[in-house]
Structure formats: C-alpha cells, structure tokens
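Please read the following with the sequence and the coordinates open side by side. The text starts with the whole chain, turns to the sheet, and ends with single residues in loops.

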Amino acid sequence: MADFLKALHSGRVLLMDGAMGTELLRAGVPRDACLEEVNLTRPGLVERIHREYAEAGADVLLTNTFQANPAHLKEYRLGDKIDDIYENASRIARAAASDDGLVVAAVGPTSPDSDERFISLARVAATIDAVLLETWSDPETAIDFSTCDWAFGSTQPPLLSFAYHRNASGRLCTYAQREVTPRECALVARHNAFGALGVNCGTDIRLPELLDILAAYRQVTDLPLFVRPNAGTPKNIDGQWIYPETPESMAAWLPELFQAGVVMVGGCCGTTPAYIAAFRKVVDDWNASHARESNP
C-alpha cells in the first residue's frame, strides 16, 4: 500500500472524496437502514458511488464504515458482521480506486471500548492506506486508537478530524459534553501519535470558521492539516433536506484554505461527485502553481 504520510508531506494538495451517507440516501437506501450493511447487501451501489468520486478526480476514497462499530451494529442485529462489513468495504473501495489512488478506513466516534473494531481494522490493514477518525468530539476517546499498533505501527498513524459548532456564547467548540476548543483538540493530536489533523462536518461551519479552526490548530502543532466540510447546514424544505452550498461556492473557498496550510481537502455531508469535480480544478491549478514556484 502507498505511504499515506509521504503523500501528505509531498507538497501537493490531495483531494478526498465527498459524502457517502447522503449519496446512499439519494440512491434510495431508507433513512432508517444501517448504511454500513449496504456493503453486504448492495455492494454494487457502494462501488458505483466510489467510482463516481474517483472519476470526478478524488485521490482518496473513504470506506463506507463510519458507524461500523459494535454498539451501532448491534442495534441492527449485525454485531457478528463487523469483520464482514470492514472487509467488504475495504475491498469495494480498493476496486474503485485509481491505480495510484489511496483508500482510508473511515471510523466514526465511539466509546473507548473498541477492541472489536481494532480487530476488524487489523484484518483489512493489507488493503487500506490509513485510518481516519472522523467527526470526533472528545479527543480523549481517540487516544486509544493513536497508541494501538494493530494495523500500521508507528509508520502509519491514524488521521484525526473533529466536528465543531458555535456554542451559546459564540465560541467554536466540539459537541462533547465538555466543550473542547480547536486548540485543545490540536494539543491532543500533537502529544499523541496522530499523523494529520482535520475538521469535518459541523453546524454552520463555513470558510471563516474553517480558517479560525485551522489558525488555532497551527498555533500548537505542525501536523499536516485537512478539511472536509459539509455542503452547508441543511434545511428541511417540503420533507427534503436541502444543502445551501453549491460546488462552485465551496470550490471558491479552497485557495484561502490552501494558503492557511491545508494539504488535503474533500467534502462531508451533502457533497457529491459534482463538488469533487469542481474541487479538482482548483486543486490542479494550485498544485501546478506551487510546482512552478518550487521549480522556477
């Protein structure tokens, strides 16, 4: 598998894919379904979505495993399927990735008792390039993953991404009961074995908020930084969730994010292959310009 950290330090911006969950729902998967089970019941659908992102220009595909944790799967009587779900998800993403594409196991937030998921991730280590802890709120619960050598050991540490909102006093913080600031999150990432630090999802998190979060991160860590914002905060209109940001409006954010130090970008809830295609143009222009500056 490719050296993911080497790619993050290459000087080129990497492009991640967009949302999986909202794409599955858009394709007709019921809202009350276990989206991770679709890896087993409709693998062709999951692969089609991955391929659409790869064809749009994504360098990095995330597996459809965000809630593939013991507690969530047991709610659907799928507790004994966790290994099958991870194995299918990694295989499907790898099949859809381009020859030099990267595959990352997506891991959503859970309680610290994650031994079963450690084992499942270890089983797919040969087919993925990294692990991403995404939409995290409590950095302390992520530390177990950073110190576990079940997959890559010290050479391929996991990536860590937090979700934020503004609290009643207007301060940017996570959704944890003990509201955690971006600076505190960055300190945890810095002092533990994480390979990169990001921000994704969140409520009313647009370009100004992303820039504030990135600035707080950079004050205390030199880890590679990445962003995967939603297509805005959705509103329910006539029974449909509508995301306000367009591919063009979000693509317009990217140069400022790259100037702030972002080395990898993608999309979270509400983004589609059209967003990633729009991002691809900006990423290519930025990378070409950076290459000219490095080699005048």
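What radius of gyration does the protein have, and what would a compact globule with 296 residues have? The protein has 18 Å, and a compact globule with 296 residues would have a value near 19 Å, so the two agree. The model is a predicted one, and the values given here are computed from it. Along the principal axes, the C-alpha trace spans about 55 × 45 × 40 Å.

Some further totals describe the chain as a whole. Of the 296 residues, 54% are buried. The accessible surface is about 13,000 Å², and carbon and sulfur atoms account for 50% of that area. Among contacts between residues at least 6 apart in sequence, 76% join residues at least 24 apart. The protein carries 26 positive and 39 negative charges, and the mean positions of these two sets lie 2 Å apart.

The secondary structure consists of 13 helices and 12 strands. Of the strands, 8 form an open sheet with parallel pairing. Their order across the sheet is β1-β12-β9-β8-β5-β4-β3-β2. The edges are β1 (14-15) and β2 (60-62), each of which pairs on one side only.

Follow the sheet through β4, β5, β8 and β9, which stand next to one another in reverse of the order just given. Strand β4 (residues 130-136) is joined to β5 by 3 bridges, and the two run parallel. L132 has L159 of β5 as its bridge partner. On its other side, β5 pairs with β8 in the parallel sense over 4 bridges. Here L160 has L197 of β8 as its bridge partner. Strand β8 (residues 196-200) is in turn joined to β9 by 4 bridges, again in parallel, and L197 stands opposite L225 in β9. L197 thus appears in two pairings, with L160 and with L225.

Are the side chains of β5 and β9 buried or exposed? Strand β5 (residues 159-162) is covered on both faces: L159 and S161 on one side are buried, as are L160 and F162 on the other. Strand β9 (residues 225-228) shows a similar arrangement, with L225 and V227 pointing one way, F226 and R228 the other way, and all of them buried. Note that R228, an arginine, is among the buried residues of β9.

The next stop is the loops. G101 is in the loop between α6 (82-96) and β3 (102-107). G101 has a relative accessible area of 9% and therefore counts as buried, the cut-off being under 20%. Not counting residues up to four places away in sequence, G101 touches D59, R94 and D129. T63 is 38 residues from G101 along the chain, and the C-alpha atoms of the two are separated by 13 Å.

Two threonines in loops can be read in the same manner. T181 is in the loop between β7 (172-173) and α9 (182-191), and T272 is in the loop between β12 (262-265) and α13 (273-294). T181 is buried because its relative accessible area is 15%. T272 is also buried, with a relative accessible area of 15%. Leaving aside neighbours within four places in sequence, T181 is in contact with Y164, R171, L172 and C173. On the same basis, T272 is in contact with E23, R26 and Y53.

Backbone angles supply the last pair of residues. Most residues other than glycine have a negative phi. R77 has a phi near 55°, a positive value in a residue that is not glycine. C201 is not a glycine either, and has a positive phi of about 60°. R77 is in the loop between α5 (70-75) and α6, while C201 is in the loop between β8 and α10 (207-220).

Which of these two residues, R77 or C201, is buried and which is exposed? R77 counts as exposed because its relative accessibility is 79%. C201 has a relative accessible area of 16% and so is buried.

Conventions
Residues numbered from 1 in each chain as written. Predicted model: local features only at pLDDT ≥ 70, side-chain atom pairs only at ≥ 80, totals over all residues. Heavy atoms only, no water. Rg over C-alpha atoms; globule rule 2.2 N^0.38 Å. Buried < 20%, exposed > 50% of the residue type's maximum accessible area, 1.4 Å probe, protein only. Contact = heavy atoms within 4.5 Å. Areas by Shrake-Rupley, 256 points an atom, 1.4 Å probe, with all protein chains shown as cover. Lys, Arg positive; Asp, Glu negative; His and termini not counted. Charge placed at Lys NZ, Arg CZ, Asp CG, Glu CD. Pairing = 2+ DSSP bridges.
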